[in-house]
Amino acid sequence: MAMPEAVPALELIDVQRSYQQGPSELRILRGVNLTVMPGQSVALIAPSGVGKSTLLHTAGLLEKPNGGEVVVSGQPTSDLNDAGRTRLRRNAIGFVYQFHHLQPEFSALENVILPQMIRGLSRSEARRRGEELLTFLGLGERFGHRPNELSGGEQQRVAIARAVANAPHLILADEPTGNLDPGTSDHVFGTLTALVRASGLAALIATHNLDLAARMDRRVTLQDGRIVELD
Ligand code: ADP
Ligand code: MG
């Protein structure tokens, strides 16, 4: 008997995105097609200005495409209203940015707990998941530290824990190690990919770092506004 097919965590189907620049139209995404399955990590490697952030924001339902379809965990999004997009984003997608965007007045653990509570989890369940994730990421001794009491690499690992705690399906990361030194960057990336494999999450990660990209399941680039597989 055939096994049921797994539902892709993310499907981009002929996605178009342009920006109006005065009288001219900048066509950044010109028919992007990409499927990311659960448990799969995909590196998006492309030079600055090509459209990596645009692609991640569109995939993450932060920006609307001008055409095509973004499907998140099997749910097409083009007909959703803003409330529907926000709900799906909150339930399915976690972002990691280049700069961590942690709340400075809260501890590492609170930064991971709070978004889960906004999503409706009880404080005790959010705490349990937060402690488990921070421990997995090597921050078991740092629960009570505020962001300014953590190193850059530790801050970024807290940001990863926060994104994952909140996102059962898909992690989108925009040059998450872009402002870390190479050793720290290596460690943060290693923990992120280990977490993706261990949890069955899907991850799409924009990076300039080819060594880090080599450790992921797939490598893609953007060429003339379309996704091209590397390797
Ligand atoms: P990357 O992340 O690969 O560096 P971006 O997706 O940020 O690239 O940007 C791709 C192109 O789109 C750039 O040329 C940028 O100037 C342009 N762009 C991005 N956002 C906007 C916007 N809101 N309005 C106009 N142009 C934009
Ligand atoms: Mg960018």
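**Figure 1. Helix 3 and what covers its buried residues.** The cover over the buried residues of helix 3 includes helix 4 and helix 5, the latter spanning residues 152-166; contact here means heavy atoms within 4.5 Å, and helices (H or I, at least four residues) and strands (E, at least two) are DSSP runs numbered from the N terminus. Within helix 3, which runs over residues 108-118, the buried positions are Ala108, Leu109, Asn111, Val112, Ile113, Pro115 and Gln116; buried means under 20% relative accessible area, exposed over 50% and partly exposed in between, with a 1.4 Å probe and protein chains only. After helix 3 comes Gly120, which has a positive phi near 110°. The model is predicted, so that local features need pLDDT of at least 70 and side-chain atom pairs count only at pLDDT 80 or more, whereas totals for chains, interfaces and linings use all residues. Residues are numbered from 1 along each chain as its sequence is written, chains are lettered from A and ligands numbered from 1 in the order in which they are written, and side-chain values use heavy atoms, with hydrogens and water left out.

**Figure 2. Leu134 and its surroundings in helix 4.** Leu134 belongs to helix 4, which covers residues 123-136, and its relative accessibility of 0% places Leu134 among the buried residues. When residues up to four places away in sequence are not counted, Leu134 touches Ala108, Leu109 and Val112, together with Leu139, Gly140, Phe143, Val158 and Ala161. Ala108, Leu109 and Val112 are also among the buried residues of helix 3. Ile28, in contrast to these contacts, lies 106 residues from Leu134 along the chain, and the C-alpha atoms of the two are separated by 37 Å.

**Figure 3. Leu150 in the loop between helix 4 and helix 5.** Leu150 is located in the loop that links helix 4 to helix 5 and is buried, its relative accessible area being 8%. Apart from neighbours within four places in sequence, the residues in contact with Leu150 are Ala108, Arg142, His145, Gln155 and Val158. Of these, Ala108 and Val158 also appear among the residues that Leu134 touches. From C-alpha to C-alpha, Leu150 and Thr221 are 33 Å apart in space, with their positions 71 residues apart in sequence.

**Figure 4. The aromatic pair of Phe95 and Tyr97.** The structure holds one aromatic pair. The ring centres of Phe95 and Tyr97 are 5.5 Å apart and the ring planes are at 10°, so this pair is stacked; rings of Phe, Tyr and Trp (its six-membered ring) pair if their centres lie within 6.5 Å, and planes under 30 degrees apart count as stacked, over 60 as edge-to-face and the rest as tilted. Phe95 is buried at a relative accessible area of 15%, while Tyr97, at 27%, is partly exposed.

**Figure 5. Two loops that flank strand 3.** Gln40 sits in the loop between strand 2, residues 24-36, and strand 3, residues 41-44, and with 18% relative accessibility Gln40 counts as buried. Beyond the residues up to four places away in sequence, Gln40 touches Thr35, Val196, Leu201, Ala202, Ala203, Asp217 and Arg218. Gly49 occupies the loop between strand 3 and helix 1, which spans residues 52-59, and at 74% relative accessibility Gly49 is exposed. The C-alpha atoms of Gly49 and Leu192 are 25 Å apart in space, for a separation of 143 residues in sequence.

**Figure 6. Two aspartates with positive phi.** Most residues other than glycine have a negative phi. Asp224, which is not a glycine, has a positive phi near 50°; Asp224 lies in the loop between strand 9, residues 218-223, and strand 10, residues 226-229, and is exposed, with a relative accessible area of 63%. Asp231, likewise not a glycine, has a positive phi of about 85°, is placed in the segment after strand 10, and is exposed at a relative accessible area of 78%.
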